[in-house]
Amino acid sequence: MSHIDMRPFMCRSDNYGLILHESKSGSTAAIDAPDADAIEKELRKFGRQLTHIFVTHHHADHTDGILQLKELFGCKVIGPAAEADKIPGLDIAVRGGESFQWAGRKVDVIDCPGHTKGHIAFHMPEEFSLFAADTLFSVGCGRVIEGTMEQMYHSVTQFKSLPPLTYLYCGHEYTLANCTFALTIDPDNRHLQARRNEVEALIKQGKMTCPSSMGDEFKTNPYLRLNDPAIRRNLGMESATDLEVFTTIRRAKDVFKSA
Ligand code: ZN
Ligand code: FE
C-alpha cells in the first residue's frame with residue numbers, strides 16, 4: 001500500500017493544522033480549516049493541491065478557512081451532518097458509524113458529542129490514526145461546551161478500545177498545561193512525570209508535542225484513567241462511578257489556573 005504523509009503544523013495561536021497526502025492518487029486532505037493562509041502556505045511548500053477538508057465540528061477555529069480554500073482548490077468538504085447548518089461550504093455530510101473511502105483507505109466516522117453537540121472524529125484504522133480535534137487532547141480532553149458531561153465521558157471512553165499504537169492527532173497544543181493539571185491529581189505517575197519533562201523540552205525547542213500515541217495516553221491521560229486507584233484516592237472518590245470521577249476532573253480543570 002502506498003504511504004500517506006501526515007504533516008502537522010501550528011497555526012492561529014495554538015491550533016494544530018494537519019495535511020494528509022497520498023502520492024499515487026494525489027489525494028490531499030486538511031483536517032479542519034483553522035487558517036486558510038497557513039494551510040495554503042503549507043500546501044505550496046510541497047506543491048500539493050487540496051482535494052478534501054475533513055471537518056470535525058463547527059467552531060470558527062476549525063472552519064474559518066473552509067470557503068477560501070474551496071475557492072482556491074475546489075476541494076470537497078466532508079463534515080458532521082448534525083452541524084451541517086453551521087459549517088460553511090459543506091459538501092458531504094457524514095454521521096457516526098458511517099465509513100467512506102479516501103485515497104484507498106477506510107475512514108470511520110465516530111460520533112463524539114460533548115465539546116459541541118455534533119462533534120465527530122475521523123479514524124483511519126489502516127493508518128493507525130485518530131483525528132480527534134477538540135474531543136481528546138494529549139493528556140487532556142476538550143471543554144464540555146454544548147453537550148453534557150455524560151456525553152463527553154462516553155465520547156472519550158470509547159477511544160480506550162483503539163490499539164495502543166494508534167497515533168492521536170488533536171486540535172490544539174495544550175499538552176504542557178494538561179500535564180501540569182494532570183500532575184495535581186496524579187502526582188506519583190512516573191509516565192506522566194516523564195511526559196511532562198519531554199513536553200517541556202519539546203516546547204522549549206519550538207517543537208510540537210503531537211501526535212502522541214494512544215498507548216501513551218492510556219498511561220498519562222487522566223480522562224482515560226478514571227479507574228486508577230491513585231487518582232481516585234487523591235480525589236477522595238474511591239467508590240464513585242467513572243462518570244463521577246470524569247465530571248470532577250473536568251470541572252476542576254475548567255477552573256484550574258496554572259502558575
Ligand atoms: Zn472547538
Ligand atoms: Fe478548537
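1. Start with the zinc ion (ligand 1): its coordinating atoms come from His57 (NE2), His59 (ND1), His115 (NE2) and Asp134 (OD), at 2.2 to 2.3 Å. Keep in mind as you look around that this is a predicted model.

2. What about the geometry at that zinc ion (ligand 1)? The 4 donor atoms subtend angles of 84 to 173°, so the arrangement counts as irregular. If you want to find the donors of the zinc ion (ligand 1) in the sequence, look for the spacing H-x1-H-x55-H-x18-D.

3. Two of those histidines link distant parts of the chain. Histidine 57 is in the loop between β4 (52–54) and α2 (60–63), while histidine 115 is in the loop between β8 (105–111) and β9 (120–124), 58 residues apart. Histidine 57 is buried, at a relative accessible area of 0%. Histidine 115 is buried too, with a value of 6%.

4. Now move over to the second metal. The iron ion (ligand 2) is held by Asp61 (OD), His62 (NE2), Asp134 (OD) and His172 (NE2), at 2.1 to 2.3 Å. Its 4 donor atoms subtend angles of 83 to 170°, which makes this arrangement irregular as well. Along the chain, the donor residues of the iron ion (ligand 2) are spaced D-H-x71-D-x37-H.

5. Which residue coordinates both metals? That would be aspartate 134, which bridges the iron ion (ligand 2) and the zinc ion (ligand 1). The two ions lie 3.1 Å apart.

6. Aspartate 134 is also worth viewing together with histidine 172. The aspartate lies in the loop between β10 (129–133) and β11 (136–137), and the histidine lies in the loop between β13 (167–170) and α5 (175–185), so the pair ties together parts that are 38 residues apart in sequence. Are these two buried or exposed? Both aspartate 134 and histidine 172 are buried.

7. Away from the metals, have a look at strand β7 (residues 99–102). Phe100 and Trp102 make up its covered face, and Ser99 and Gln101 its uncovered one.

8. Strand β7 runs antiparallel to β8, and 4 bridges join the two. For a handy place to check the pairing, go to serine 99, which stands opposite aspartate 108 in β8. The hairpin of β7 and β8 has 2 residues between the strands, and alanine 103 takes a positive phi near 50° there. The loop with histidine 115, from point 3, comes between β8 and β9, and that histidine brings you back to the zinc ion (ligand 1) through its NE2 atom.

Notes: Residues numbered from 1 in each chain as written. Chains lettered and ligands numbered in written order. Predicted model: local features only at pLDDT ≥ 70, side-chain atom pairs only at ≥ 80, totals over all residues. Heavy atoms only, no water. Donors = N, O, S within 2.8 Å, 3.2 Å for Na, K, Ca; no water. Tetrahedral: all angles 85-135°; square planar, octahedral: opposite > 155°, others 65-115°. Buried < 20%, exposed > 50% of the residue type's maximum accessible area, 1.4 Å probe, protein only. Pairing = 2+ DSSP bridges.
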